[in-house]
Amino acid sequence: MMIHTPSGAFPQPGPRYLAATRFFDIDDVALRTAVSTVCAGALDDTERAVRLFYWVRDGWRYDPFGVTMSADAHVASQVLAGDRGYCVSKALLLCAAARAAGIPSAIGLADVTNHLTSEKLKQWMGGSTLFINHGYALLHIAGRWRKAAPAFNIQLCQRFGVMPTEFDGRADAILQEFDQHHRQHMSYVADHGVWSDLPFEKFSAEMLAAYPNLAVANGDAAHDFVP
């Protein structure tokens with residue numbers, strides 16, 4: 001049974017946060033091989049978690065226009081096989097990679113306002129700048145849970161003057177409040193807690209209700225997206 005831990009609390013680390021699930025298919029050979037390569041020579045879980053964070057952050061281009069509510073598209077091994085993702089799919093991949101490396105993980109969902117949303121993306125979202133169900137990973141490292149949001153790849157950040165999210169394994173790594181020009185960027189509005197696996201039916205129903213254009217595939221439009 002899936003476990004939900006509400007905002008303001010942390011899960012009790014245990015086997016449920018290291019297990020293979022519907023979306024964390026950590027027994028996939030390609031995933032395990034990739035994780036083994038990324039973590040080779042790492043001295044401890046902190047170093048493994050940091051390496052995996054940057055591997056996911058920069059290895060998959062952030063693409064909000066490619067979002068689909070296909071369940072298969074949210075399976076970690078399927079994200080691994082592609083070259084782009086969005087906040088939830090990239091967080092799922094980081095969670096699965098962490099579990100494959102022996103680091104307990106959970107998937108978190110929060111609502112955020114993006115003050116720098118491009119007009120194109122704003123229109124696609126029905127005029128809203130509120131991103132519901134923003135995804136982040138929760139990783140258990142050296143006895144503590146740490147949030148890690150690997151959404152925006154470094155190339156995108158450099159192109160649009162966005163502050164990249166950095167992670168040292170010792171503090172939370174969440175989306176930046178301001179950009180490089182000191183403009184307000186991301187505001188966290190609400191945190192919905194974390195789950196031992198993605199609550200896909202709830203998640204997809206909420207996304208489709210909030211964003212009627214979600215069924216429109218437009219993965220090539222991200223070139224003029226300001227995150």
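His140 sits in strand β5 of this predicted model. With a relative accessibility of 16%, His140 counts as buried. Leaving aside residues up to four places away in sequence, His140 touches Pro13, Ile103, Pro104 and Trp145.

Strand β5 also holds Asn133, a residue with a noteworthy backbone angle. Phi of Asn133 is near 55°, a positive value in a residue other than glycine. Most residues other than glycine have a negative phi. A second case is Ala142, with phi near 50°, again positive and again in a residue other than glycine. Ala142 is placed in the loop between β5 and β6, the latter covering residues 144–148. The surroundings of these two residues can be set side by side: Asn133 is buried, at 2% relative accessibility, whereas Ala142 is exposed, at 69%.

Strand β5, which spans residues 130–141, is also one of the elements that receive helix α7. The buried residues of α7 (residues 200–210) are Phe200, Phe203, Ser204 and Met207. Viewed down the helix axis, these buried residues fall within an arc of 90°, so they line one face of α7. That buried set packs against α4 (87–100) and β4 (105–114) as well as β5 (130–141). On the face of α7 turned away from the buried side, the exposed residues are Glu201 and Ala209.

Turning to the chain as a whole, the fold contains seven helices and seven strands. Read along the sequence, these elements follow the pattern β-α-α-β-α-β-α-β-α-β-β-α-β-α. The C-alpha trace spans about 45 × 35 × 35 Å along its principal axes. A compact globule of 227 residues would have a radius of gyration near 17 Å, and the 16 Å found for the protein chain agrees with this. Burial can be read at the same level: 53% of the 227 residues count as buried. The contacts tell of links across the sequence, too. Among contacts with a separation of 6 or more, 70% are between residues 24 or more positions apart. The accessible surface of the protein chain comes to about 9800 Å², and carbon and sulfur atoms account for 54% of that area.

Charged side chains come next. A search of the whole structure finds ten salt bridges, and a few of them repay a closer look. Asp45 pairs with Arg48, the closest N and O atoms lying 3.0 Å apart. Both residues belong to helix α2 (residues 45–59), and because they are three residues apart there, about one helical turn separates them. Asp45 is partly exposed, with a relative accessible area of 26%.

Another salt bridge joins the side chains of Arg57 and Asp58, with an N to O distance of 2.8 Å. The two partners differ in how they are covered: Arg57 is buried, at 4% relative accessibility, while Asp58 is partly exposed, at 25%. This pair does not stand alone, as Arg57, Asp58 and Glu166 are linked in a network of salt bridges. Asp83 and Arg84 form a further salt bridge, the closest N and O atoms being 3.3 Å apart. Here both partners are partly exposed, with Asp83 at 48% relative accessibility and Arg84 at 30%.

The cysteines, finally, offer a simple result. The structure holds zero disulfides. A disulfide is a covalent bond between the sulfur atoms of two cysteines, and the distance cut-off applied to such a sulfur pair is 2.5 Å. For Cys39, the closest cysteine sulfur is that of Cys95, and no bond is formed because the 14 Å between the two sulfurs is too far. For Cys95, in turn, the closest cysteine sulfur belongs to Cys87, and the separation of 12 Å is likewise too far for a bond. Both Cys39 and Cys95 lie out of reach of solvent to the extent that they count as buried: the relative accessible area is 9% for Cys39 and 0% for Cys95.

How values were computed
Residues numbered from 1 in each chain as written. Predicted model: local features only at pLDDT ≥ 70, side-chain atom pairs only at ≥ 80, totals over all residues. Heavy atoms only, no water. Buried < 20%, exposed > 50% of the residue type's maximum accessible area, 1.4 Å probe, protein only. Salt bridge = Lys/Arg side-chain N within 4 Å of Asp/Glu carboxyl O. Helix = DSSP H or I, 4+ residues; strand = E, 2+ residues; numbered from the N terminus. Arc of directions from axis to C-beta. Contact = heavy atoms within 4.5 Å. Rg over C-alpha atoms; globule rule 2.2 N^0.38 Å. Areas by Shrake-Rupley, 256 points an atom, 1.4 Å probe, with all protein chains shown as cover.
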